[in-house]
Amino acid sequence: MRRALLLLLRRLLLPLLLFAAFVSVCVLTYMRLEHLPWIDALFWVILPHAIDYQRVHNATKIFALFVFVGVFAFQIWFAERILLSFFGHQGREVWKSMMNEFNLEKMRDHFIICGYGQVGRTVVEHLTRARIPFVLIETNEGLYRQILQENMVVLQGDAKRHSVLQAAGIERARGICIVIDNDADNLYITITAKSLNPKLSIITRAGQERYAEAMRASGASQVIIPEYEGGRMAGRMIEEYAASPSELT
């Protein structure tokens, strides 16, 4: 909500400053033309129908028309700025971010996905098809914006930080899947996640067996080594073909 208000204020800043200057000039002009107190002159600017046109000078009448047109032009400008804030590209992005924050706060019994590389994308596609709720944590701002446009619940930040994991609702989560392409980071996140929620199911990725052992010792429920799993799958396929040589012809 704060981002939406800041965007709206930023778009309205120039019109507000110019409108304040316009009103000041109009008040001073009315005061000089009709020798009015400033409060009465301001009242004429805001409510031109309050002017008794039979008792004022012709110059005041002409100036009142100018004031009316000016105020109307500012009203159109304000409306354009407000509509642009709500329905423009940047405005739509802000509202998507607000809905993302709202959905994040509602998350319960969900999974936290750390990393949106090739493995992370595959995990997300599977969870989406299975309709399993998840929160994605991504550090890259450009990728974060892309994910936001795809209406996925996403949090921008470094998953190694306690505050980011807490913002992702780790205390309320059912599990976490850590698939960053860095063994040291994955080990650190495993340790941090376990300390924040000891009951959490932790699935993490490792590139080397020595890191896999450290992750298991740190509380990981499952450790996946993609190269190892890929090798095992290829081996099983070879066994199947070797058992049925006729299928190769």
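**Helix packing and the parallel sheet**

The buried residues of helix α5 are Gly 120, Val 124 and Leu 127. These residues lie on the same side of α5, because the arc they cover around the axis is only 65 degrees. In general, residues three or four places apart in an α-helix point the same way, because there are 3.6 residues a turn. The model described here is predicted. Helix α5 comprises 13 residues, 118-130, and spans 19 Å between its first and last C-alpha, close to the 18 Å expected at 1.5 Å a residue. Its buried residues pack against two strands, β1 (111-114) and β2 (134-138). On the face turned away from the buried side, α5 carries the exposed residues Gln 118 and Arg 129. Just after the helix, Arg 131 adopts a positive phi of about 55 degrees.

A one-sided arrangement was also computed for helix α2 (residues 38-46), in which Ala 41, Trp 44 and Val 45 are buried. Viewed down the axis of α2, these buried residues fall within an arc of 100 degrees, so they line one face of the helix.

In the protein chain as a whole, the secondary structure amounts to 10 helices and 6 strands. Of the 249 residues in the chain, 37% are buried. Contacts between residues at least 6 apart in sequence were also examined; 56% of them join residues at least 24 apart.

An open sheet of 6 strands is present, with parallel pairing and the order β3-β2-β1-β4-β5-β6. The edges are formed by β3 (154-156) and β6 (222-224), each of which has a single partner strand, so one side of each is left without a neighbour in the sheet. From one strand to the next, the twist averages 15 degrees. Strands of a sheet pair, in general, through backbone hydrogen bonds.

Strand β2 is largely enclosed by the rest of the structure, because 5 of its 5 residues are buried. Phe 134, Leu 136 and Glu 138 point one way from β2, while Val 135 and Ile 137 point the other way. Such alternation of side chains between the two faces of the sheet is general for a regular strand. The parallel pairing of β2 with β1 extends over 4 bridges, and that of β2 with β3 over 3 bridges. Leu 136 of β2 stands opposite Ile 113, and the bridge partner of Leu 136 in β3 is Val 154.

At the β3 edge, Leu 155 is located within the strand. Leu 155 counts as buried because its relative accessible area is 15%, below the 20% cut-off. Residues up to four places away in sequence aside, Leu 155 touches Leu 104, Leu 136, Ile 137, Glu 138, Tyr 144, Val 164, Ala 167 and Ala 168. The C-alpha atoms of Leu 155 and Val 135 are 7.2 Å apart, although 20 residues separate the two along the chain.

On the other side of β1 in the strand order, pairing with β4 is parallel over 4 bridges. Ile 113 stands opposite Cys 177 in β4. From β4, Gly 175 and Cys 177 point one way and Ile 176 and Ile 178 the other way, and all are buried. Strand β4 also pairs with β5 in the parallel sense over 4 bridges; the bridge partner of Ile 178 in β5 is Thr 204. Helix α8 (residues 183-196) lies across β1, β4 (175-178) and β5 (201-205), and runs at about 175 degrees to β5.

A search of the whole structure for disulfides returned 0. Cys 114 is in no disulfide, and the nearest cysteine sulfur, that of Cys 177, is 8.1 Å away. Cys 177 is likewise in no disulfide, its nearest cysteine sulfur being that of Cys 114 at 8.1 Å. A disulfide requires the two sulfur atoms to be within 2.5 Å, so a pair at 8.1 Å does not qualify. Cys 114 counts as buried because its relative accessibility is 1%, and Cys 177 counts as buried at 8% relative accessibility.

Definitions and conventions. Residues are numbered from 1 along each chain as its sequence is written. This is a predicted model: local features need pLDDT of at least 70, side-chain atom pairs count only at pLDDT 80 or more; totals for chains, interfaces and linings use all residues. Side-chain values use heavy atoms; hydrogens and water are left out. Buried means under 20% relative accessible area, exposed over 50%, partly exposed in between (1.4 Å probe, protein chains only). The expected span of a helix is 1.5 Å times one less than its number of residues. The arc is that of the directions from the helix axis to the C-beta atoms. Contact means heavy atoms within 4.5 Å. Two strands pair if DSSP finds at least two bridges between them. Axes are lines fitted to C-alpha atoms, for helices over the stretch in contact, and angles run from 0 to 180 degrees between N-to-C directions.
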